[in-house]
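Welcome! Please take a moment to look at the sequence and the 3D model, and then let us walk through them together.

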Amino acid sequence: MADGATLRFGNKDTAFAVRSGTTGPDVIDIRKLYAQTGAFTFDPGFTSTASCESGLTFIDGDEGVLLHRGYPIEQLAEDSSFMEVSYLLLNGELPGKAELDRFSHTISRHTMLHEQLANFYRGFRRDAHPMAIMCGVVGALSAFYHDSTDISDPRQRMIASHRLIAKMPTIAAMAYKYSIGQPFIYPRNDLSYTHNFLRMTFGVPAEDYHVDPVVVRALDRIFILHADHEQNASTSTVRLAGSSGANPFACIAAGIACLWGPAHGGANEAALNMLREIGTPDRIPHYIARAKDKNDPFRLMGFGHRVYKNYDPRASVMQKTVREVLTALGVSDPVFDVALQLEEMALNDPYFIEKKLFPNVDFYSGIILSAMGFPTTMFTALFALARTVGWVAQWNEMISDPDQKIGRPRQLYTGPTRRDYVAVEAR
Ligand code: SDX
C-alpha cells in the first residue's frame, strides 16, 4: 500500500491519506480536498470513486471474481439457497441450521400484504408495466407499516428489512396476476421462498399447483445471482436516498425506479427482445456491425459492464442453468442458439476484445425466465425481487456507518456567470 498521496495543484502540494481494504484497490481519502485546495474532483458516472466502505460484496472486474461476504458466487449458486445467501448478506456469516430455519420462518410469516394494498393494483391499467406497479406499491408500504420506519431503531430496521424481502415476491406475483386478469394467490407458509413465489405467480384457485423441482432450484439460483453487486446504480440510489433519513420502503422504491433503466436491470428484458429481433444466426453479423457503429445508438444488450472487463461470473452460471431448465422442461428455444452464436462471434471480434465487452448477468437470464413462463415485462421485476436483499443489506450497512452523512455531490458549473435582470420591454 502507498503510505500517502500528494497532489500538486497550482504551486501547492497537498498530502492525502491512503487507505487499504482487505482486498482490492486502495483509496485516496480526498474528503478534505475542497477545503485544502478549493477544487473539486470531477468524476461523472463515478468511474474512479469509492462512495463508501462496505464489507458485503467484492468484485474484481479484471479477474471476473464476485464474493459475497468472502464466499465466491459460483459456490453460493451451486451449494447455497437464496434464503441462506439473504441471511449471509444481512448478518455477515453463513447461518447454522437452526438460525436458517428461524430466518426462513420469520420471512415466510411476513409474506402477506396488508389487504388494502390490493386496492392499489386496481388503480393501474391492466397493461401497466410491472415495474411501474412495483415502484408504486413498494413506495406505498411506508403508508402501512409505520411501526418499522424509525431508522434509528435497529429492531425496526430489521423488521422493515424482513418485510421488504418477504413481501417483494407477493407484490411481484400480484403485478403479474393483475396484468392477466387472474385472481391474486395468497402466500403459503409451508412452501419455500421461491416455490411460494412460483405458486403465487402461476398457480390458480381452480387446481393445485405443481412445479418441477428443477425449475424451483433454477429460479432460486437466479435469485442468488442477482442478490447484491457492490455499489451499482440502484444500490447507490438506495444509499443516497437513505442518507437523507428517508424510510426504508421509500429508499427501496427509489432503487426499483433506478433498476428499471435498460442500461441496468432493464437490460434482461431488452436483451431477450434483442435476441428475438435478431431471430436467426444469419442476422447476427448485421447486429454486431450496428453495435460497433458509433453513429448507431444500438448496443448489444446483456453485453458490457462498468466493472467486469472479463466474463461476468454470473453469466457463466446463468448459461449452464439455461441448459438445465430447457432440458428439464423438454423445450428448445432457438433464441438460446442465437445467444450462444452471438456470444461466440462477439468474443472473437476485435471491437469487443479491445473494449473488453463480455456477456453480463442479463444476457442469458431472459431465456430461462421465458422458458419458465414469465413474460419479458416481468424480468426486471424479478431482478428487483432478488436485489431487494442486497439493497436492504447495503442500506443497513450505510445507516450503521459512523462516517455516513447525507450524500451531496458538487459540480463543475459551466452556465452563465452573474448577470442582471432585463425587463421584457428592453429585451
Ligand atoms: C447490470 O453495475 C452493476 O453492477 C450492474 C449489474 C448489477 O448486478 O447491479 O451488474 C447489473 O446493470 C448489468 C449491465 C446491464 N446493461 C446492459 O447490458 C446494457 C448494455 N451495456 C452497456 O450499455 C454498458 O456496457 C454498460 C452500461 C453496462 C456499462 O457502460 P459503461 O461502463 O459506462 O461503459 P461505456 O458506456 O463507457 O462503454 C465503453 C465503450 C464505449 O465505446 P467508446 O465510447 O469507448 O468507443 O464500450 C462500448 C461503448 O460504446 N460499449 C458497447 C457496449 N457496452 C459498452 N458497445 C456495444 N455494445 C455494448 N453492450
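A polar contact is a pair of N or O atoms within 3.5 Å; within protein, one of the two must be able to donate a hydrogen and the other to accept it, and residues adjacent in sequence count only if both atoms are side-chain atoms. One such contact, of 2.5 Å, joins the side chains of S152 and D150. Before going further, please keep in mind that this is a predicted model, in which local features need pLDDT of at least 70 and side-chain atom pairs count only at pLDDT 80 or more, while totals for chains, interfaces and linings use all residues. Residues are numbered from 1 along each chain as its sequence is written, and side-chain values use heavy atoms, with hydrogens and water left out.

Let us begin with the overall layout. The protein chain is divided into domain 1 (4-50), domain 2 (77-210 + 230-258 + 382-396) and domain 3 (266-372); such bounds come from an automatic or database domain assignment. Taken over C-alpha atoms, the centres of domain 1 and domain 2 are separated by 38 Å.

Now we can turn to the ligand. Where does the ligand lie with respect to domain 2 and domain 3? Both domains give residues to the shell around the ligand, so it lies between them. There are 24 residues around the ligand, and H229, H305, R306, R314 and R387 come nearest; a residue is near a molecule or strand if one of its heavy atoms lies within 4 Å of it. The shell divides into 10 nonpolar, seven polar and seven charged residues. In this sorting, Ala, Val, Leu, Ile, Met, Phe, Trp, Tyr, Cys and Pro count as nonpolar, Asp, Glu, Lys and Arg as charged, and the others, Gly among them, as polar.

Some side chains of the protein can be followed right up to oxygen atoms of the ligand. For K294, a polar side-chain atom lies 2.9 Å from a ligand oxygen, and R299 also places a polar side-chain atom 2.9 Å from an oxygen atom of the ligand. For H305, the distance from a polar side-chain atom to an oxygen of the ligand is 2.6 Å. Taken alone, the ligand exposes 1,100 Å², and the protein buries 77% of that. Accessible areas come from the Shrake-Rupley method with a 1.4 Å probe; for residues, only the protein chains shown count as cover.

Next, follow the chain back to its early strands. Helices (H or I, at least four residues) and strands (E, at least two) are DSSP runs, numbered from the N terminus, and two strands pair if DSSP finds at least two bridges between them. Strand 1 (residues 5-9) and strand 2 (residues 12-16) pair in the antiparallel sense over five bridges, with A5 opposite F16 in strand 2. Their hairpin has two residues between the strands, and G10 takes a positive phi near 65 degrees there.

Further along, three strands form an open sheet in the order 5-6-7, with antiparallel pairing. Its edge strands are strand 5 and strand 7 (71-72), each of which pairs on one side only. Strand 5 (residues 57-60) is joined to the antiparallel strand 6 (residues 65-68) by four bridges. T57 has H68 of strand 6 as its bridge partner, and D60 stands opposite V65 in strand 6. Four residues lie between these two strands in their hairpin, where G64 in the turn has a positive phi of about 70 degrees. Which residues make up the covered face of strand 5? They are T57 and I59, while F58 and D60 belong to the uncovered face.

A few residues around this sheet and beyond it deserve a look. F46 lies in the loop between helix 1 (33-37) and strand 5, and has a positive phi of about 55 degrees although it is not a glycine. With a relative accessible area of 56%, F46 is exposed; here buried means under 20%, exposed over 50% and partly exposed in between (1.4 Å probe, protein chains only). R69, in the loop between strand 6 and strand 7, likewise has a positive phi, of about 50 degrees, without being a glycine. R69 counts as partly exposed, at 26% relative accessibility.

Finally, M158 sits in helix 7 (residues 154-180) and is partly exposed, with a relative accessible area of 26%. M158 and T57 are 101 residues apart in sequence and 20 Å apart in space, C-alpha to C-alpha. S152, whose contact with D150 opened this tour, is found in the loop between helix 6 (130-140) and helix 7. S152 counts as exposed at 56% relative accessibility.
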